[in-house]
Amino acid sequence: MDDHRRAEGIASARGSAFKKAVGDKRGIRRYGDIILPMDEALILASVDISGRSYLRFTSDFQTEKIGTFDVELLEDFFTSFSENAGITLHIRQLDGRNSHHIAEAMFKAVARAMRKAVEIDEKAKDEIPSTKGVL
């Protein structure tokens, strides 16, 4: 299996598992965001657990590879993850020159934004976070 298929397969499985874990999304905050620094890298990640998949990925990697890892696979990974999780995800590189720091900060920023979005809102723990009542 080539690296592209492997990245998409891993992201697909994780996205599907995430979607199953949040269920009907009752009580979650739904939105999460962060601006995360890692050395010289600065990454913005924002998520809406909306049931609609979309990825906006903005980066400016200075290298094509990190070791043997092709950095173009990052966008493919996050696309597959967002499609299978049913989330809107924005990832934007605000600063950085070290490709390793940028990539690592992207994963950490997405994880932190996701954690905020799935946090239970104590004021609305029995409600689905949508004016339509369904996500």
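**Sheet and core, question by question**

User: What is the bridge partner of Asp48 in β6?
Analyst: In this predicted model, Asp48 has Thr88 of β6 as its bridge partner.

User: What makes β2 and β6 a pair?
Analyst: Pairing takes at least two bridges between the strands. β2 and β6 are joined by 7 bridges and run antiparallel, so they count as a pair.

User: Why do β1 and β3 each have one side without a neighbour in the sheet?
Analyst: The sheet is open, with 4 strands in the order β1-β2-β6-β3 and mixed pairing. β1 and β3 stand at the edges with a single partner strand each, so one side of each has no neighbour. From one strand to the next, the twist averages 10°.

User: Which helices lie on those strands, and at what angles?
Analyst: α2 packs on the sheet and touches β3 and β6, its direction making about 160° with that of β3. α3 lies across β1, β2, β3 and β6, and runs at about 150° to β1.

User: Which residues have the most contacts inside the largest nonpolar core?
Analyst: Phe78, Ile87 and Ile91 do, in a core of 33 residues. Elements supplying at least two residues each include α1 (3-22), α2 (72-85) and β6 (88-95). The largest share, 9 residues, is from α3.

User: What makes Leu55 and Met106 contacts of Phe78?
Analyst: The cut-off is heavy atoms within 4.5 Å. Leaving aside neighbours within four places in sequence, Phe78 is in contact with Leu55, Phe57, Leu89, Ile91, Met106, Phe107 and Val110, so Leu55 and Met106 each have heavy atoms within 4.5 Å of Phe78.

Terms used
Residues are numbered from 1 along each chain as its sequence is written. This is a predicted model: local features need pLDDT of at least 70, side-chain atom pairs count only at pLDDT 80 or more; totals for chains, interfaces and linings use all residues. Side-chain values use heavy atoms; hydrogens and water are left out. A nonpolar core is a set of buried Ala, Val, Leu, Ile, Met, Phe, Trp, Tyr and Cys residues joined through side-chain atoms within 4.5 Å. Buried means under 20% relative accessible area, exposed over 50%, partly exposed in between (1.4 Å probe, protein chains only). Axes are lines fitted to C-alpha atoms, for helices over the stretch in contact, and angles run from 0 to 180 degrees between N-to-C directions.
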